[in-house]
Each structure stands twice: as C-alpha cells, then as structure tokens.
Amino acid sequence: MNELLVNRLKNARNKCGLKQQEVANQLGVKANTISNWEKGRTEPDIDTFVKLCNIYQIDCAALLTDVYAFKRIGTDINLQEYGHIKQYRNLDKQGKLHVDTVLEWENERIKELSNHCNQEPEGKNFYDEAPDTAEELERLYPPVDIRNLHSHTG
C-alpha cells in the first residue's frame, strides 16, 4: 500500500483515540491485520478500506485524491506544503495577492540575508544576523499598509 496512505490511516486512527484491537473488533478482523496494514505489509480490500475510513471519520475519496495527487507531485514538496497549496487555491484574488506579496518579500529577505552572510568571515552563522526581537524585526522590515499593495503589483 502507498506509504503516505498508510501513514494517513494510522494517524487518523490515533487521532480518533482508537487502538488497533478496537478497530479490528469493529471490522471483524484480527488486531495483527490492522498492524500489517499500518506497516504496509498487506492492504484491505476496497470495501474494508471504506469501512475503515468511516470508522476514522475521514472521506475515503478525498483521502485517495490527496494521497495520489501528492504522489504525482513528487518528493520535492512535503505534505504541509501541499496543504498550503490547497488552501491557496481556495483564496480569492485579494487573498492570493496577499500571499504572493509576502512570499516575494520573504524570498527577497532570505536572498539579502544569504548574500550578506556570504560576505561575512568564516564561522559566521547565517542566523547570527536575524532579528532577535519583534521590535528589531519591525525596525528592519517595517509594516506595510496592505491597502496600498495594489500599487506594487503592476
């Protein structure tokens, strides 16, 4: 079974506070069967998979879509990043503008810190130049009035 799917199912069981034996009892199987599924050794048939999802209160179609869409994306993106992408897609035009602007700012900040760090003598840590307090952060990167963002996007 797909490793990501196995992990999602195990996490769903734990989130529900269920033990493998409890799930096995509900499905009418042995506890080691649940263990084997969670270790990827064997997998349930489709009917049992649907029952398992119902026990865990998760949408089996959405789970499969997420897992296999993530697999197609590849390993250069983690599950949390994939979740951010899904949330981004739900934003309206203004929300996407906010996110895009913050990403541009943050990438520019990291590039500047990286360039500055590369000019420092050996032994200087990249994070030595990072602000230590909220006040210092605000001094280095003053807040921007988001009502004026549209003028910066062209």
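Patches are made of residues with over 30% relative accessible area and no salt bridge (a side-chain nitrogen of Lys or Arg within 4 Å of a carboxyl oxygen of Asp or Glu). Like charges are joined within 9 Å, and nonpolar side chains (Val, Leu, Ile, Met, Phe, Trp, Tyr) within 5 Å.

This is a predicted model, in which local features need pLDDT of at least 70 and side-chain atom pairs count only at pLDDT 80 or more, while totals for chains, interfaces and linings use all residues. Residues are numbered from 1 along each chain as its sequence is written, and side-chain values use heavy atoms, leaving out hydrogens and water.

**View 1. A nonpolar surface patch joins L91, V99 and L103.** Together they have about 220 Å² of accessible area (Shrake-Rupley method, 1.4 Å probe; for residues, only the protein chains shown count as cover). L103 sits in helix α7, residues 93-118. Helices (H or I, at least four residues) are DSSP runs, numbered from the N terminus. L103 is partly exposed, at 47% relative accessible area. Buried means under 20%, exposed over 50%, and partly exposed in between (1.4 Å probe, protein chains only).

**View 2. K30 lies in a loop.** The loop runs between α2 (20-27) and α3 (31-38). K30 is exposed, with a relative accessible area of 63%. Q20 is 10 residues from K30 in sequence. Their C-alpha atoms are 9.0 Å apart.

**View 3. Cysteines without a disulfide.** The whole structure has zero disulfides (pairs of cysteine sulfur atoms within 2.5 Å). For C60, the closest cysteine sulfur is in C53, 4.9 Å away, so too far for a bond. C60 is partly exposed, at 22% relative accessibility. C16 is also partly exposed, at 31%.

Terms used
Helices (H or I, at least four residues) and strands (E, at least two) are DSSP runs, numbered from the N terminus.
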